[in-house]
Amino acid sequence: MRVGQEPKGIFASGIISSEPFLALRKGRTYHRVAITLDVLLNPDKQPILTLDILKTGNLAAQTWTPQASGISIRPELVDELEGVWQDFLNPE
């Protein structure tokens, strides 16, 4: 999820490919997971799934611009988000 600058929205997808592990950064320990991307778009050169789309219908119940990283998609929205993402990637 790109939230710092426009365009804001989803530009990648993938699967978690590791068990959680601890990582050290700037003197603090964080929980991390490795991911394997199946889609990676360049938000500066390609269209992305924008906040305008994500803030419609049931998906509007999700917080798309959190103040911190590491949030989860609400379980009841996962299937719908996957469908919207696939429709975005493969318009007919």
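In what order do the elements of the protein run from the N terminus on? They run β-β-β-β-β-β-α-α, giving 2 helices and 6 strands. Helices (H or I, at least four residues) and strands (E, at least two) are DSSP runs, numbered from the N terminus.

This is a predicted model: local features need pLDDT of at least 70, side-chain atom pairs count only at pLDDT 80 or more, and totals for chains, interfaces and linings use all residues. Residues are numbered from 1 along each chain as its sequence is written, and side-chain values use heavy atoms, with hydrogens and water left out.

**Overall form**

The C-alpha trace spans about 45 × 30 × 25 Å along its principal axes. The accessible surface comes to about 7000 Å² (Shrake-Rupley method, 1.4 Å probe; for residues, only the protein chains shown count as cover). Carbon and sulfur atoms hold 53% of that surface. Of the 92 residues, 18% count as buried. Buried means under 20% relative accessible area, exposed over 50%, partly exposed in between (1.4 Å probe, protein chains only). Among contacts (heavy atoms within 4.5 Å) with a separation of 6 or more, 47% join residues 24 or more positions apart.

**The largest pocket**

The largest pocket holds about 1300 Å³ of space. A pocket is an open set of points on a 1 Å grid over the protein atoms alone, where a 1.4 Å probe fits, with protein on both sides within 12 Å along at least five of seven lines; lining residues have an atom within 4 Å of a point. Its volume is the space filled by probe spheres set on the points.

The lining has 28 residues; Met1, Ile35, Ile71, Ser72 and Ile73 lie nearest the centre. By class, 19 are nonpolar, 7 polar and 2 charged. Ala, Val, Leu, Ile, Met, Phe, Trp, Tyr, Cys and Pro count as nonpolar, Asp, Glu, Lys and Arg as charged, and the others, Gly among them, as polar. β2 gives the largest share, 5 residues. These elements each supply at least two lining residues:

| Element | Residues |
|---|---|
| β2 | residues 12-16 |
| β4 | residues 28-32 |
| β5 | residues 35-40 |
| α2 | residues 78-89 |

**The β3–β4 hairpin**

β3 (residues 21-25) and β4 run antiparallel, joined by 5 bridges. Strands pair if DSSP finds at least two bridges between them. Ala23 has Tyr30 as its bridge partner in β4. The hairpin has 2 residues between the strands, and Lys26 takes a positive phi near 50 degrees. β4 is hardly covered: 0 of its 5 residues are buried.

**Gln62**

Gln62 sits in the loop between α1 (51-54) and α2. Gln62 is buried, at 7% relative accessible area. Beyond its neighbours within four places in sequence, Gln62 contacts Ile71, Ser72, Ile73, Arg74 and Leu77.
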